[in-house]
Amino acid sequence: MAIAFVLNGERIEVADAAPSMTVLDFLRTRRRLTGTKEGCAEGDCGACTIALGRQERGAMRWQVANSCILLLSQIDGTEVKTVEGLAGPSGLHPVQTVLAESDGTQCGFCTPGIVMSLYALTKGRAADAPVNDADIHEALAGNLCRCTGYRPIVDAARALCAAPPIAGPVSVPSVPNTRIAAQGELHLVPQTLSELVSLRTAYPAATLIAGATDLGLIPAKKRQGFPLVLSTRRVAELKRIGWEGEVLVLGAAVTYADALETVEAAFPAFGALIRRIGSRQIRTMGTFGGNLGTASPVGDTLPVLLALDAEVELAGPSGMRRMTVADFLTGYRKTALAPDEVIAALRLPRLAEGEQLFAWKLSRRFDQDISTLLGAFRLRVDGGRMMSFAAAFGGMADRAKRASALETLLTGAPWADALPEGIEAALAADFSPLSDHRASAAYRLTAAANLVRRLHIATTRPGVPLELEAL
């Protein structure tokens with residue numbers, strides 16, 4: 001079946017391109033839409049940003065995506081907007097006009113991506129929904145300007161968001177395919193969990209793809225395709241978000257963007273961390289199940305899941321089984337997932353009365369960077385004593401792990417006054433971190449201990465600022 005979508009208002013079908021060709025390559029080489037740029041080819045700089053529209057509950061929902069790591073098969077059944085598709089018969093689109101009049105274009109290389117991020121921001125808000133500077137900065141965090149001229153860009157965004165949302169024509173994308181085959185590749189897009197499990201059993205060597213924010217680097221950087229793909233993005237059971245009693249259930253194909261509001265309400269610290277996972281372009285595609293399944297030692301969600309004693313549901317031909325995330329992670333990018341299984345959902349227990357959750361990420365840049373170290377802590381303090389304590393770290397071992405010696409040291413210890421002695425020794429017993437291009441082993445051990453000190457300040461001296469912020 002051909003890949004079908006609406007591109008800048010034109011319905012097109014593509015039968016002669018590999019499904020794992022990047023959308024950026026398709027736009028530039030097949031359609032000659034060269035306004036969309038390649039800056040990094042790894043989803044960092046935002047020069048390749050496009051807007052994706054999907055029909056959800058009878059309405060069109062617009063989000064941004066990095067076309068450099070987006071597979072052509074992933075836009076099947078969507079509406080795609082590039083910078084060339086914004087201007088109309090009467091002239092430039094208001095986003096383009098305001099950005100030019102605010103002197104926000106500068107050298108111009110990153111401008112198309114910035115235009116598309118602002119376009120999606122204006123399309124995605126309700127008429128009565130105010131947009132503040134935090135919303136604007138988050139919307140633009142995935143667009144790097146090498147001319148360092150963010151002030152006029154933000155000024156343009158403020159002007160846009162002060163006006164009513166910009167309406168536009170609504171197209172009806174094609175009905176998405178369940179089977180896409182071209183150029184020796186086969187991408188299968190099941191609609192139900194049972195269908196996905198059956199396909200996984202039949203094709204255990206197939207590449208499982210959800211948002212492709214990690215795997216998309218293979219065609220983008222190595223120029224290699226995926227001969228056989230099983231996509232999870234349209235499996236209804238994997239998109240659920242809801243509570244089962246005191247447990248928040250997140251389907252494996254739930255994106256960070258879709259779950260953010262629910263997660264932030266239940267676990268504010270986790271919500272704040274999610275806002276630092278990549279950029280808005282990444283969060284609209286990346287999934288919780290994908291982050292867990294990749295099992296990277298610096299996967300941002302994993303320490304939090306460990307600290308919460310979260311569980312994972314695995315679906316296979318014999319049915320569903322459940323285990324803790326701690327048991328699921330078995331080594332460097334290794335898990336307990338069987339060849340004929342898929343991750344179905346994550347289960348996050350609600351915090352008990354009196355419990356608090358903290359999560360802090362250390363990286364060279366605040367936005368758009370991989371963790372050097374990430375610490376997550378769940379604790380309950382009563383009467384000046386640590387009654388319960390769970391700690392997990394990423395970037396300290398071959399996988400994200402609980403800090404058992406630290407937990408033993410602090411559980412039951414006095415907490416109101418000075419921090420208990422032995423933090424460094426306990427962490428050294430728990431972890432033997434590596435030195436790499438992000439940090440040395442000594443730095444990681446010291447920084448982990450300092451996060452525990454930060455935790456002590458946060459819970460015993462709440463008025464003391466923990467961060468320096470530029471005005």
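Reader: Is V131 buried, partly exposed or exposed, and what is its relative accessible area?
Author: In this predicted model, V131 sits in the loop that runs between α3 (111-123) and α4 (133-140). Buried would require a relative accessible area under 20%, and exposed one over 50%. V131 falls in between and is therefore partly exposed, its relative accessible area being 22%.

Reader: What distance separates the C-alpha atoms of V131 and L121?
Author: V131 belongs to the loop between α3 and α4. Along the chain, V131 and L121 are ten residues apart, and the separation of their C-alpha atoms is 9.3 Å.

Reader: Is N291 buried or exposed, and what is its relative accessible area?
Author: N291 is part of helix α11, which covers residues 288-294. Since buried means a relative accessible area under 20%, N291 counts as buried, because its relative accessible area is 16%.

Reader: With the side chain of which residue does the side chain of N291 make a polar contact?
Author: Leaving aside residues up to four places away in sequence, N291 touches Y256, G299, D300, T301 and L302. A polar contact, at 2.6 Å, links the side chain of N291 to the side chain of T301.

Reader: In what order do the strands of the open sheet of five strands follow one another?
Author: Strand β12 (residues 311-316) pairs antiparallel with strand β13 (residues 319-324) over six bridges, and five bridges join β12, again antiparallel, to strand β16 (residues 342-349). The edge strands, each pairing on one side only, are β10 (241-244) and β13. Read across the open sheet, with its antiparallel pairing, the order is β10-β11-β16-β12-β13.

Reader: By what angle are neighbouring strands of this sheet turned against each other on average?
Author: The pairing in this sheet of five strands is antiparallel. With direction ignored, the average turn between neighbouring strands is 25°.

Reader: Which residue of β13 is the bridge partner of A315 in β12?
Author: The connection from β12 to β13 is a hairpin through two residues, and five of the six residues of β12 are buried. Elsewhere in this pairing E313 stands opposite R322, while V312 faces β16, where L346 stands opposite. For A315, the bridge partner in β13 is M320.

Reader: Which helix packs on the sheet by touching β12, β13 and β16, and what angle does its direction make with that of β16?
Author: Two helices can be placed against these strands, and one of them, helix α8 (residues 256-266), lies across β10 and β11 (247-251), running at about 35° to β10. The helix that touches β12, β13 and β16 is α6 (residues 193-202), and its direction makes an angle with that of β16 of about 130°.

Reader: Are the axes of α2 and α5 roughly parallel, roughly antiparallel, roughly perpendicular or oblique to each other?
Author: The axes of helix α2 (residues 94-101) and helix α5 (residues 150-162) come within 8 Å and cross at roughly 135°. Roughly perpendicular covers 65 to 115 degrees and roughly antiparallel begins over 145. The crossing angle of α2 and α5 therefore makes their relation oblique.

Reader: Which residues of α5 are met by P94, V95, V98 and L99 of α2?
Author: Helix α2 passes α5 in a crossing that is right-handed. In this contact the α2 residues P94, V95, V98 and L99 meet, on the α5 side, I153, A156, A159 and L160.

Definitions and conventions
Residues are numbered from 1 along each chain as its sequence is written. This is a predicted model: local features need pLDDT of at least 70, side-chain atom pairs count only at pLDDT 80 or more; totals for chains, interfaces and linings use all residues. Side-chain values use heavy atoms; hydrogens and water are left out. Helices (H or I, at least four residues) and strands (E, at least two) are DSSP runs, numbered from the N terminus. Buried means under 20% relative accessible area, exposed over 50%, partly exposed in between (1.4 Å probe, protein chains only). Two strands pair if DSSP finds at least two bridges between them. Axes are lines fitted to C-alpha atoms, for helices over the stretch in contact, and angles run from 0 to 180 degrees between N-to-C directions. Contact means heavy atoms within 4.5 Å. A polar contact is a pair of N or O atoms within 3.5 Å; within protein, one must be able to donate a hydrogen and the other to accept it, and residues adjacent in sequence count only if both atoms are side-chain atoms. Angles under 35 degrees count as roughly parallel, over 145 as roughly antiparallel, 65 to 115 as roughly perpendicular and the rest as oblique. A crossing is left-handed if the near helix is turned anticlockwise from the far one by less than a right angle, and right-handed if clockwise.
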